[in-house]
Amino acid sequence: MSDFAVLVVDDEELYAHALGRELDRAGVRCDLAPTGSAALSLAEARPYDLILLDHRLPDDDGLRLIPLLLSRQPGAELVMMTAYDTVPNAVQAIRLGAEDYIVKETSLAPLLERVAEVRRRAAARRAAGGAPERGGLVGAAPPMVRLWDQLRALARSPATTVLIAGETGAGKEVAARTLHELTGGRPAGFVAVDCLALPEPLTESLLFGHERGAFTGAAETRLGACEQAAGGTLFLDEIGDLGEAVQGKLLRLLESRAFRRLGAARETPLTARIIAATNRDLAALARQGRFRRDLYERLSVFPLQIPPLRDRREDIPLLAEHFRALYAERLAKPIAPLDPAVVERLAAYAFPGNVRELRNVIERAVIVAEGEVIELKHLPARVLGEGAPPAPRPELAPGDTLGTLEQRMIRQALSKAHNVKAAAARMLGISRYQLLRRLEKYAIRPEGDED
């Protein structure tokens with residue numbers, strides 16, 4: 001028996017057992033669930049690669065179960081099965097996270113072909129080191145439905161440049177990795193570059209590579225990020241913080257679809273899709289002359305906006321359940337589904353750190369929970385309070401200078417934002433980039449050091 005596992009959720013006993021027998025003959029581990037509640041229990045207990053979900057169940061609606069099952073099985077694909085070929089239901093199922101929608105037939109052949117296809121993909125993922133997390137893209141709120149529609153459309157155009165905008169922690173890199181996976185990319189073919197952390201003198205070498213002897217210290221030829229991502233995705237995070245000289249080189253890369261290693265005689269074609277991300281308003285920066293307008297136009301061929309968590313609060317329960325299942329499995333702790341009181345408190349909190357903060361809250365709760373239940377006492381004090389912290393109001397003290405006042409404001413903002421730098425920057429009315437520069441200037445190192 002292989003390690004590929006399928007969960008069949010169907011109350012038609014003859015059909016489900018016939019499908020189970022065929023899967024067993026093919027060497028596939030198969031569990032049968034006749035109800036939605038049984039499916040959720042099985043999804044809590046063991047991992048699956050594929051979930052075959054019937055639309056109509058005696059105790060639930062299959063459409064409602066899609067996000068609940070996926071939150072418990074973040075690495076699984078889900079295919080909806082139905083006896084009725086209804087287009088609106090098919091569209092809704094796919095928007096909620098299903099990979100496909102199959103009409104039941106007398107012959108099991110089409111369904112078995114789909115299982116074999118998913119099995120091949122799962123084997124390829126395991127050989128390549130596993131699949132990426134769905135993470136912040138769990139959700140069924142209208143902004144997320146639109147985002148998934150856009151990602152699926154972009155997956156059919158692998159050369160199109162994409163600009164992802166959104167607050168820190170909202171899930172920009174998760175969206176980029178999801179698009180990479182939807183396009184058929186291998187996990188190793190996704191190369192991420194943090195533009196904020198690029199040292200100015202080495203930027204060109206790190207992006208484009210260099211030949212041996214191209215400059216002092218270049219003892220060997222090295223591939224840059226553009227070549228490492230060949231055939232895949234080059235993800236440029238915090239693109240708004242690139243220096244002007246590098247902006248010009250990036251513009252040429254996008255226009256010519258080619259680059260040259262330092263010291264090389266010939267150019268190399270760019271075969272990777274470029275996805276840029278920013279938490280800043282690039283259009284406003286371009287209008288102010290602080291970011292090249294021509295580069296902005298080239299990057300924003302297809303702009304995506306990742307909604308902050310506060311604009312999709314209805315997704316907080318789904319995300320919380322997703323992270324609970326994820327960390328319960330990782331930490332090998334039998335943590336039960338979240339209590340309604342805990343979910344209610346989470347949904348009332350502002351989450352200035354977005355999905356990343358929610359993920360950290362749930363991970364901490366799983367760690368500190370003494371038994372199998374996460375209770376209110378396991379949530380951080382800030383979540384149990386009345387929402388987002390107010391902006392700090394500094395007062396002048398004897399001997400204060402502009403510098404000491406600024407340092408005190410920064411420390412107060414970081415403290416109230418629980419060291420989430422993006423949230424602290426918003427309190428202070430400055431960009432994250434400006435805050436980072438001041439942290440460096442005053443040698444302030446926040447505890448925990450979260451972004």
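**Exercise 1. Threonine 178**

Task: Decide whether threonine 178 counts as buried or exposed in this predicted model, and list what it is in contact with.

Solution:
1. The relative accessibility of threonine 178 is 8%.
2. The cut-off for buried is under 20% relative accessible area, so threonine 178 counts as buried.
3. Threonine 178 belongs to helix α7, which covers residues 172–182.
4. With neighbours within four places in sequence left aside, the contacts of threonine 178 are Leu137, Trp148 and Leu151.

**Exercise 2. Helices α6 and α7**

Task: Describe how α6 packs on α7, giving the angle, the handedness and the residues of the contact.

Solution:
1. Helix α6 spans residues 142–155, and its axis lies 9 Å from that of α7, at an angle of about 45°.
2. Angles under 35 degrees would be roughly parallel and 65 to 115 roughly perpendicular; α6 is therefore oblique to α7.
3. The crossing of these two helices, α6 and α7, is right-handed.
4. On the α6 side the contact is made by Trp148, Leu151, Arg152, Leu154 and Ala155, and on the α7 side by Ala175, Thr178, Leu179 and Leu182.
5. Sorted by class, the contact of α6 with α7 has seven nonpolar residues, one polar and one charged.
6. Trp148 and Leu151 of α6, which take part here, also appear among the contacts of threonine 178.

**Exercise 3. Helices α13 and α15**

Task: Carry out the analysis for α13 and α15: which orientation do they have, and which residues meet?

Solution:
1. Helix α13 runs over residues 316–330 and helix α15 over residues 354–368; their axes come within 9 Å and cross at roughly 45°.
2. The two helices, α13 and α15, are therefore oblique to each other.
3. Their crossing, that of α13 and α15, is right-handed.
4. From α13, the residues involved are Ile316, Leu319, Ala320, Phe323, Arg324, Tyr327 and Ala328; they meet Val355, Leu358, Arg359, Ile362, Glu363 and Val366 of α15.
5. The classes in the contact of α13 with α15 are 10 nonpolar, no polar and three charged residues.
6. As background to the spacing of such residues, an α-helix has 3.6 residues a turn, so residues three or four places apart point the same way.

**Exercise 4. The loop between β10 and α10**

Task: Place glutamate 238 and glycine 240 in the chain, and state whether each is buried or exposed.

Solution:
1. Glutamate 238 is found in the loop between β10 and α10.
2. Glycine 240 lies in that loop as well, between β10 (233–237) and α10 (244–256).
3. The relative accessible area of glutamate 238 is 5%, so this residue is buried.
4. Glycine 240 has 8% relative accessibility and therefore counts as buried.
5. The backbone of glutamate 238 has a positive phi of about 55°, although this residue is not a glycine.
6. Setting aside neighbours within four places in sequence, glycine 240 is in contact with Thr278, Arg280, Leu282 and Phe291.
7. Glycine 240 and alanine 276 are 36 residues apart along the chain, and their C-alpha atoms are separated by 9.2 Å.

**Exercise 5. Two exposed loop residues**

Task: Explain why alanine 332 and glycine 213 count as exposed, and locate them.

Solution:
1. The cut-off for exposed is over 50% relative accessible area.
2. Alanine 332 has a relative accessible area of 67% and is therefore exposed.
3. Alanine 332 sits in the loop between α13 and α14 (340–348).
4. Although alanine 332 is not a glycine, its phi is positive, at about 55°.
5. Glycine 213 has 57% relative accessibility, so it counts as exposed.
6. The loop that holds glycine 213 lies between β8 (209–210) and β9 (222–223).
7. Measuring C-alpha to C-alpha in the model, glycine 213 is 7.6 Å from glycine 263, with their positions 50 residues apart in sequence.

**Exercise 6. Helix α18 and the whole chain**

Task: State how many residues of α18 are buried, then give the totals for the chain.

Solution:
1. Helix α18 (residues 421–428) is mostly covered, with seven of its eight residues buried.
2. Those buried residues of α18 are Lys421, Ala422, Ala423, Ala424, Ala425, Met427 and Leu428.
3. Over the chain of 451 residues, 50% count as buried.
4. The chain contains 19 helices and 14 strands.
5. Among contacts with a separation of 6 or more, 70% join residues 24 or more positions apart.
6. The accessible surface of the chain is about 21,200 Å², and carbon and sulfur atoms account for 51% of this surface.

Methods: Residues are numbered from 1 along each chain as its sequence is written. This is a predicted model: local features need pLDDT of at least 70, side-chain atom pairs count only at pLDDT 80 or more; totals for chains, interfaces and linings use all residues. Side-chain values use heavy atoms; hydrogens and water are left out. Axes are lines fitted to C-alpha atoms, for helices over the stretch in contact, and angles run from 0 to 180 degrees between N-to-C directions. Helices (H or I, at least four residues) and strands (E, at least two) are DSSP runs, numbered from the N terminus. Angles under 35 degrees count as roughly parallel, over 145 as roughly antiparallel, 65 to 115 as roughly perpendicular and the rest as oblique. A crossing is left-handed if the near helix is turned anticlockwise from the far one by less than a right angle, and right-handed if clockwise. Contact means heavy atoms within 4.5 Å. Ala, Val, Leu, Ile, Met, Phe, Trp, Tyr, Cys and Pro count as nonpolar, Asp, Glu, Lys and Arg as charged, and the others, Gly among them, as polar. Buried means under 20% relative accessible area, exposed over 50%, partly exposed in between (1.4 Å probe, protein chains only). Accessible areas come from the Shrake-Rupley method with a 1.4 Å probe; for residues, only the protein chains shown count as cover.
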